[in-house]
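Visitor: I am new to protein structures and would like a close look at one part of this one. Please pick a single stretch, walk me along it residue by residue, and then show me what lies around it.

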Amino acid sequence: MPKHRLSMPPGDWPGDIRARFEAAFAEASGHQRPRLEQGLGRWLRAAAQDDLPPDLITPSLVERRLGDLRPEMQGAARQALQAVFPEANVFGRETRVEVESKRAALQRKIARNWHRLPEPWQTAARPKLFFCPEGLNDGLLVEAWTIDTLQSRLQSAWAFFDFCRENGLAEDVTRRTVPLRLDARQHAFRRGEVAISTVRGEMQSLKLLGLALFPDRDWGWMDPVLKLLKKQAAWQPSRNDGRIVDL
C-alpha cells in the first residue's frame, strides 16, 4: 500500500525549482535541510492540488497552506519559499481588513441590488460575479476588475435600468434607450447636478459591463458616443451648451 504523503518529495519537484533550492541551501546542515525540503514540498504539493502555479504566493495562501504546521516547520517552509521565489512576499502580512471589508460590502450591495438588473443580465452576470470564500475561484469579473471598478460599473448599470423601468422602456442597452438616458442626463447637467465627464464614465462603464457579459453582441455603436463625450468633457462646456451628444 503506497504511503500517504503530505509533502512532495524532492525527486518530484520541477527541475528549475530543485536547482534554485540546491543553490540556496548548498551549505544547509543535515538537521536543517530535511525541514526545508519538507516545507517546500508541502507547498508544491498544495499548489499542484489547487492547480495553481507554485510561484503564486500570497499571504492568504501561505496562511491556508502552512497555518496548521508547527512554528518551526512554518519557519522552514517560509524560508525555503523566500529563497526559491525571492520576489514573493512570503513573510509579509496581508492588509486584509480593508480589502475584505470592501469585498464583503460589495457582496452585500450586489445582493441588495440584484433585482435592479434585468433577468437576461442576471443570468449572464451570476457566474461572473461569483465571490469565492477563499478568493481562489472568483468569477471572471471579480477576478479581472478591482472592487472599486466592479462597483462603479454595476452602479452605472443599476441606475441605467432604473431609468428604463421608470420610463417604460425596454430594459436593455440599445440605440433607443441610450439616447433617452443621455437626454435625461443632459437636463441634469444643465441644472449643475452632473458633469459631462461623469456622464461619459457612466456610458463607458455601461459599455464595458455589457461587453463583459455579452461579448457576442455589437457594442461598437457606442464608440462615437464615448468619443464625442470625451471631447466635450475636455472642453468643459457650459450648462447652456446644446446637447451632450447627438446620436
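Guide: Let's begin with a term: helices (H or I, at least four residues) and strands (E, at least two) are DSSP runs, numbered from the N terminus. This is a predicted model, in which local features need pLDDT of at least 70 and side-chain atom pairs count only at pLDDT 80 or more, while totals for chains, interfaces and linings use all residues. Residues are numbered from 1 along each chain as its sequence is written, and side-chain values use heavy atoms, with hydrogens and water left out.

The chain has eleven helices and zero strands, and its pattern along the sequence reads α-α-α-α-α-α-α-α-α-α-α. I suggest we look at helix H5, which covers residues 96-113.

Our starting point is lysine 102, a residue of H5. Its relative accessibility is 31%, so lysine 102 counts as partly exposed; buried means under 20% relative accessible area, exposed over 50%, and partly exposed in between (1.4 Å probe, protein chains only). If we set aside neighbours within four places in sequence, lysine 102 is in contact (heavy atoms within 4.5 Å) with Ile147 and Asp148. With aspartate 148 there is also a polar contact, side chain to side chain, at 3.1 Å. A polar contact is a pair of N or O atoms within 3.5 Å; within protein, one must be able to donate a hydrogen and the other to accept it, and residues adjacent in sequence count only if both atoms are side-chain atoms. Lysine 102 can also be compared with glutamine 151: the two are 49 residues apart in sequence, and their C-alpha atoms are 10.0 Å apart in space.

Further along H5 we come to isoleucine 110. Isoleucine 110 has a relative accessible area of 8%, which means that it is buried. Not counting residues up to four places away in sequence, isoleucine 110 touches Phe131, Leu154 and Trp158. Glutamine 151 appears here again: its C-alpha atom is 8.6 Å from that of isoleucine 110, though 41 residues separate the two along the chain.

Asparagine 113 belongs to H5 too. With a relative accessible area of 12%, asparagine 113 is buried. Its side chain reaches back to the backbone oxygen of lysine 109 at 2.8 Å. That side chain is also joined to the side chain of arginine 116 by a polar contact of 2.6 Å. Across space, the C-alpha atoms of asparagine 113 and glutamine 155 are separated by 9.2 Å, with their positions 42 residues apart along the chain.

Now let's step off the helix. Arginine 116 sits in the loop between H5 and helix H6 (119-125). Leaving aside neighbours within four places in sequence, arginine 116 is in contact with Trp158, Ala159, Phe161, Asp162 and Arg165. Trp158 is a name you have met already, among the residues that isoleucine 110 touches.

After the loop comes glutamine 122, in helix H6. A relative accessible area of 15% makes glutamine 122 buried. Its side chain reaches the backbone oxygen of leucine 117 at 2.9 Å. Apart from neighbours within four places in sequence, its contacts are Trp114, His115 and Leu117.

Finally, let's set this part in the whole chain. Buried residues make up 41% of the 247 residues; isoleucine 110, asparagine 113 and glutamine 122 are among the buried ones. You have seen partners that lie far along the sequence, such as the pair lysine 102 and glutamine 151 at 49 residues apart. For the chain, residues 24 or more positions apart account for 59% of the contacts with a separation of 6 or more. Elsewhere, in the loop between H2 and H3, lies aspartate 51. At 70% relative accessibility, aspartate 51 counts as exposed. Its phi is near 55°, a positive value in a residue other than glycine. In helix H11 (residues 223-235) you will find aspartate 223, which at 36% relative accessibility counts as partly exposed. Its C-alpha atom is 9.0 Å from that of glutamine 204, a residue 19 places away in sequence.
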